Amino acid sequence: MQTSQLRAESTETCIRIYRGNEAVPILEQHAQSDKRPYIHPILAPDGNGILTEDVPSHHPWQHGLYIGLNDVNGVGFWTEGLLNDPNDGSFRPLPLQPAVVDGCRVSWEVETLYLDPAGKPLLMELQQWRLEDQGGRYSIDFDWSLKAAVDLTFGQYAYGGLFLRMPYRRELGGQVLNSEGQINEEGEGQRARWSACCMPIEGRADQAGFAFMDHPGNAEHPVPWRVDYELGISPSRCITGPWQLAKDEVETSRYRIIVFCGSTDPDELNAGWQAFAAAN
């Protein structure tokens, strides 16, 4: 599949990325006021099927591709207040700046202030996304930075961080495979260089999926992973134990995300991870 010139439509709350003159975006970034930023939908690279799910019935606080955190100085940023937890914090995304398009590549940033239940700032998050349309797949580099507004402790938790929710249907199945050869629940809480999730998708005869790659410069690399019962995946440093970030200190993690059609190819992903690890 040939690559196309990308184009972007940007507002202060949404960025839509398109191929050429196509009417359907391949990806939408949302950053509405007072809500968690997220990416949904993501169109399969061959144009057949939506690969992310928004607000699934089993986890209504989840949104395609997004960040979720638990226990930041005791404040939760996971369930968006939907469980009426008095310890839940809130999000203040800043207005989005226009995406920058360069041929088959596009980049954009999302800045979000995280507030405690009293409305006091805890941290500023910077998401930096760079997507390359490679025709048969997308390669997305993601730099995730947290700057502490006060001294912070991130508590130990079974999940938290970059998270993917695909449209899993139990009757159709799916598979999570990691770099260590572990499948589905075998990978829960286990360290791995990469983890890939693929499954049947409405509108296509075969499967499609995502691979997340953890950069060797990240803290706790190779990071342990969350793999839940609906095949949601997340590289989660918080599984290993609590960690601290001093006021004004910045912590950055780097990931590469491959969006592919068909089944997971571990040889291709191992080679891809080596290339990512060697990149600056």
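# Exercises on a predicted model

**Exercise 1. Work out how strand E2 is paired with strand E3, and then with strand E1.**

Let's start on the E3 side. Four bridges link E2 to strand E3 (residues 27-30), and the two run antiparallel. Keep in mind that this is a predicted model.

Now turn to the other partner. Strand E1 (residues 6-10) is also antiparallel to E2, with five bridges between them. To get from E1 to E2, the chain takes a hairpin of three residues.

Next, pick out one residue and follow it both ways. Ile15 in E2 is the bridge partner of Ser10. Over in E3, the bridge partner of Ile15 is Gln29. Put together, Ile15 has a bridge to Ser10 and another to Gln29.

**Exercise 2. Decide whether strand E2 is mostly covered or mostly open.**

Take the strand's range, residues 14-19, and go through its six residues. A residue counts as buried when its relative accessible area is under 20%. Five of the six pass that test, so E2 is mostly covered.

**Exercise 3. Find Gly64, say whether it is buried or exposed, and list what it touches.**

First, place it: Gly64 sits in the loop between strand E4 (38-42) and strand E5 (65-72).

Second, check its cover. The relative accessible area of Gly64 is 0%, so it is buried.

Third, look for contacts, skipping neighbours within four places in sequence. That leaves Ile39, His40, Thr52, Glu53, Asp54, Phe163, Leu164 and Arg165 in contact with Gly64.

Finally, try a distance. From Gly64 to Ala23 you count 41 residues in sequence, and their C-alpha atoms are 21 Å apart in space.

**Exercise 4. Describe the protein chain as a whole, and explain why it can be called compact.**

Begin with the secondary structure: one helix and 20 strands. The radius of gyration is 18 Å, close to the 19 Å from the globule rule for 280 residues, so the chain is as compact as a globular protein of that length. Along the principal axes, its C-alpha atoms fill a box of roughly 50 × 40 × 40 Å.

Then look at cover and contacts. Of the 280 residues, 52% count as buried. Take contacts between residues at least 6 apart in sequence: 61% of them join residues at least 24 apart.

Last comes the surface and the charge. The accessible surface is about 12100 Å², with 46% belonging to carbon and sulfur atoms. There are 22 positive and 39 negative side chains, and the centres of these two sets lie 2 Å apart.

Technical notes. Residues are numbered from 1 along each chain as its sequence is written. This is a predicted model: local features need pLDDT of at least 70, side-chain atom pairs count only at pLDDT 80 or more; totals for chains, interfaces and linings use all residues. Side-chain values use heavy atoms; hydrogens and water are left out. Buried means under 20% relative accessible area, exposed over 50%, partly exposed in between (1.4 Å probe, protein chains only). Two strands pair if DSSP finds at least two bridges between them. Contact means heavy atoms within 4.5 Å. The radius of gyration is taken over C-alpha atoms; the globule rule is 2.2 Å times the number of residues to the power 0.38. Accessible areas come from the Shrake-Rupley method with a 1.4 Å probe; for residues, only the protein chains shown count as cover. Lys and Arg count as positive and Asp and Glu as negative; His and the chain ends are not counted. The place of a charge is taken as NZ of Lys, CZ of Arg, CG of Asp or CD of Glu.
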